[in-house]
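Let's take a walk through this structure together. Have a look at the model, and then we will go through it strand by strand.

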Amino acid sequence: MLNDPSRKYRPFPQVDLPDRQWPDRTIDKAPRWLSTDLRDGNQALIDPMGSEKKSRFFDLLVKVGIKEIEVGFPSSGATDFDFIRDLVDSGRIPDDVTIQSLTQSRRDLIEKTFEAMAGAKKAIVHLYNAVSPAWRNIVFNLDKPGVKAIAIEGAQILAEQAAKYPQTDWHFEYSPETFSTAELDFSIEVCSAVMEILKPTVEKPIIFNLPATVEAAMPNIYADQIEYFGRNIPNREAVVISLHTHNDRGTGIAATELGLLAGGDRVEGCLFGNGERTGNVDLVTVALNMYTQGLHPGLDFSDIDEVIQTVEYCNQLPVHPRHPYAGELVFTAFSGSHQDAIKKGFAHQAKRNDEIWEVPYLPIDPADLGRSYEAVIRVNSQSGKGGVAWVLEQDYGLKLPKKLQADFSRTVQELSDTTGRELTSGDIWGAFQERYFINKSGRFELFDYAENHAGSDRIFVGKLKVDGEFRSLSGRGNGLMSSVIAALKDHGGPEMDIVDYSEHAIGHGAGAQAAAYVECRTTDGRSLFGAGIDTDVATATVRALLSAANGI
Ligand SMILES: CC(=O)SCCNC(=O)CCNC(=O)[C@H](O)C(C)(C)COP(=O)(O)OP(=O)(O)OC[C@H]1O[C@@H](n2cnc3c(N)ncnc32)[C@H](O)[C@@H]1OP(=O)(O)O
Ligand SMILES: CC(C)C(=O)C(=O)O
Ligand SMILES: [Mg+2]
């Protein structure tokens, strides 16, 4: 039993903002994106990236379309410093991409940060210090003025160092770290003091990054905090509000989205949500959430598998199979009712004459992310007839009639119950051949036949193996099918009528085949289903009838 939490934890206080505006807004434009994979993501790895992995990640971020990249913490050591220096010196930074580096507010560390990026065309120096009570008391052992002084001193050094390296277009970001657990008015006071020193303008604004360093409240609280900050920070037009959420409560995405409603201009995060503890907000999900609302995020995830491969390699961490949009299983339905709806959804989509995506259970077209439809339906003991029929149609071109789907589904169910595992497409095809005597002997096996005319009647003359013995059979009827049934009846076959028949081509051109399906009813009321495949439609039909007779 969990202990009584009220003795140990306190509820997070509400923000006093009765006229909050954000709940009535919608996200109608993409934010500026900053990837901190090479910094916040990297600092959380068991084995931080070396220069080869950092380079690969950087190239991926550029390819995906991220224009602001936090490339590291240059004062942390030679790995980050040398990587960043090399980026600058090698001229590999595209003109429309800005690099950013983080530093504590300490002179030697700030100087090192400028040294690392000097010479870049444009660079952002990101200064931080924590401002909330626990950090003030526990980490710094300073009161509010003392903590504010850390920020002021850091800002002064930023201004001084920027003047020292005039060939670079320097921009500044300041993070009141632990913003979400700090007193809002104090964060605003510290940021205002930083502004007074760095003198941002509308043309050259300062970035105030407002982190939920540790997520401690519901996302609506974060949104209130962002709106409050935006409404009360002086000279708002000279400020870019950046959102930086972590995911300790599992609501980093929600907090970011609500933060955008509340006035956030920029989003900081990592691909697939790597980062300290439970991670930074996942940029892929935030971006694709916008995409599925019809709003282009300005990022390119059209080859999601390539992105996953590189990120997994660089982070040495797997992307979870259920990760939104990206996981290996997120476009796969195993369960019968989902499969049925998805199959109908694809058919509906094909019939409709517009581009609107409306397939039940699939919030995004897998093809938009470079994924195929192959894995959309997979079969196990939870599956239904629709799923099984989908696999046979996709992989073998068979369009089973509905009642035959139900008949075959019982066979598949038995198989999945006995094997207790997922069935492959090969397993299902094997079961289909077995069940309907395709490429497999039964009581009645066709070798050759002719169809003769006698007035309006047809006469079937066939050479068959019946119960293992070659026999010549003949039967008369008003069509090919009834003449076959008559012939079978005379040789121990079931007395039956045709209830349903359908056929279709499999494939096109010279290699095309025909598939025929029958449903028959015996005189004692049993339903017999059969399927036949042949290069010739009539022969496929004869095979389907034999298949039904064999199944008794
Ligand atoms: C929320 C975040 O993600 S913040 C970013 C965190 N990322 C990293 O720390 C990765 C890189 N860091 C490092 O490599 C090292 O921490 C370094 C090189 C920056 C500093 O290392 P060290 O000098 O050994 O100090 P250490 O990391 O232990 O820092 C603790 C000291 O810095 C002070 N400090 C912490 N943050 C800040 C800050 N933002 N500004 C000024 N001082 C700070 C602490 O109060 C403490 O001071 P004290 O020694 O007087 O008590
Ligand atoms: C350094 C800051 C911005 C940070 O990563 C955080 O507060 O989470
Ligand atoms: Mg962070």
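A word on terms helps at the start: two strands count as paired here if DSSP finds at least two bridges between them. Keep in mind, too, that this is a predicted model.

With that in hand, look at strand β6, residues 206-212, and strand β7, residues 239-245: they run parallel and are joined by seven bridges. Within this pair, Asn 209 of the one strand stands opposite Ser 242 in β7. On the sheet you will also find helix α7, residues 184-198, which packs there and touches both β5 (169-177) and β6. The direction of helix α7 makes about 160° with that of β5.

Now step back to the whole sheet. Eight strands form a closed barrel with parallel pairing, in the order β1-β2-β3-β4-β5-β6-β7-β8. On average, neighbouring strands of this sheet are turned by 25° against each other, direction ignored.

Where does β1 find its partners? Strand β1, residues 32-35, pairs in the parallel sense with β8, residues 266-269, over four bridges, and also with β2, residues 68-72, over two bridges. Leu 34 is a handy landmark here: its bridge partner in β8 is Glu 268, while in β2 it stands opposite Glu 68.

Finally, turn to ligand 1, which is surrounded by 17 residues. The closest are Phe 73, Ser 76, Gln 104, Ser 105 and Asn 129. Two elements, β4 (122-130) and α5 (133-140), each give two or more residues to this shell. By character, the shell around ligand 1 divides into six nonpolar, seven polar and four charged residues.

How values were computed
Residues numbered from 1 in each chain as written. Chains lettered and ligands numbered in written order. Predicted model: local features only at pLDDT ≥ 70, side-chain atom pairs only at ≥ 80, totals over all residues. Near = placed C-beta within 6 Å. Nonpolar A, V, L, I, M, F, W, Y, C, P; charged D, E, K, R; others polar. Axes fitted to C-alpha atoms, helices over the stretch in contact; angles between N-to-C directions. Contact = placed C-beta atoms within 7 Å.
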